[in-house]
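Dear colleague,

Please find below the structure that I am passing on to you. My notes on its strands and helices follow it.

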Amino acid sequence: MQLYNTLSAKEREKLIEEAGKDRLTISFYKYAHIGNPQILRNHLFIAWDQMEVLGRIYVAHEGINAQLSVPAENFTDFKAHLDSISFLENVRLNIAIEQDNKSFLKLKVKVRDKIVADGLNDHTFDVTNKGIHVGAEQFNELIEDPDTVLVDMRNHYESEIGHFKNAITPDVDTFRDSLDVIEQDLAEHKEDKKLVMYCTGGIRCEKASAYYKHKGFKNVYQLEGGIIEYTRQVQDKKLENKFLGKNFVFDHRRGERISEDVIAHCHQCGKPCDTHVNCANEACHLLFIQCDECAAAMDNCCSVECKEIHALPYEEQKKLRKGKVVSNKIFKKGRSPVLKYKK
């Protein structure tokens, strides 16, 4: 029984190109009490592999978090399979605003301790006791209320390229960092303010809303479906768009354009830019913002040192990075001293 990928990313990319068929980039999550995540993991992999589903899925005792690429022609079968699983029946699917057939190139279904790492060891904290969900129209009304505190629950590299007007954007690297920071900053407003939160697709806000209710906040709201669903509702209902810039996404696209505003800057020259790239030096792979001119001048690298290494023969590059672990740098773009115009 096959429970793992048999094709490399390059082999899969070639097959997608040869097929010439449209794929849909989709995300969804569901907090639920799952008794045996490993059994669910295996069931999902077997079923979705047959449908040529690709993506990154985390399963834990607290629920499921999925970011996927599904062949458009298999979407009906995929949805039917979801509906056949009791706690996933009619689960909300966030369909990407901008599609890319190569958003994911492998199917990875992994069992994790949690579907969103929060650093919490509070076993009295019930993640299913969530705050009030609001759609785009009510969200727009809420954030204009002077008694509302609007908080971006994403990381610094996400909010840097796009966020809602007047939102608090914590300068944090991880979701777990933001929980304590926000609680401390808003401690005096637990009863007199409306705490309204948003994130990419809703999963972080849902956990945060339950956490803040647990910590004594009385009026807790979250944007239903996050920025992705908000954008869809704004377009469908012709509402005012209060989001500025791009929505950062965790796939090969790295971002979806929500408004024409460019609120970030190239980390190398300082000109307006909101294009995320990874340093071409595989021993670095730092995520940062780079304009086209700097990309050409720096050979798609973040520093002169990386540019010099990237110019070496491939075998020499492999020797230099042998035994080195650099994955923790991938999403710490604003923290590298080589970036002159970092946030």
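In this predicted model, strand S2 (residues 54–60) pairs with strand S5 (residues 107–111) in the parallel sense, over five bridges. To locate this pairing in the structure, you may start from Gly-55, which stands opposite Leu-107 in S5.

S2 also pairs with strand S3 (residues 63–71), here in the antiparallel sense and over seven bridges. Within that pairing, Ile-57 stands opposite Ala-66 of S3. The connection from S2 to S3 is a hairpin, which runs through two residues. As for its surroundings, S2 is mostly covered, with six of its seven residues buried.

The second topic is a pair of helices. Helix H2 spans residues 37–50 and helix H3 spans residues 75–83; the two pack with their axes 11 Å apart, at an angle of about 160°. Because angles over 145 degrees count as roughly antiparallel, H2 is described as roughly antiparallel to H3. The crossing of H2 past H3 is right-handed.

Which residues make the contact between H2 and H3? On the H2 side they are His-43, Leu-44, Ala-47 and Trp-48, and on the H3 side they are Phe-78, His-81 and Leu-82. Sorted by character, the residues of this contact comprise five nonpolar and two polar ones, with no charged residue.

With kind regards

Conventions. Residues are numbered from 1 along each chain as its sequence is written. This is a predicted model: local features need pLDDT of at least 70, side-chain atom pairs count only at pLDDT 80 or more; totals for chains, interfaces and linings use all residues. Side-chain values use heavy atoms; hydrogens and water are left out. Axes are lines fitted to C-alpha atoms, for helices over the stretch in contact, and angles run from 0 to 180 degrees between N-to-C directions. Helices (H or I, at least four residues) and strands (E, at least two) are DSSP runs, numbered from the N terminus. Angles under 35 degrees count as roughly parallel, over 145 as roughly antiparallel, 65 to 115 as roughly perpendicular and the rest as oblique. A crossing is left-handed if the near helix is turned anticlockwise from the far one by less than a right angle, and right-handed if clockwise. Contact means heavy atoms within 4.5 Å. Ala, Val, Leu, Ile, Met, Phe, Trp, Tyr, Cys and Pro count as nonpolar, Asp, Glu, Lys and Arg as charged, and the others, Gly among them, as polar. Buried means under 20% relative accessible area, exposed over 50%, partly exposed in between (1.4 Å probe, protein chains only). Two strands pair if DSSP finds at least two bridges between them.
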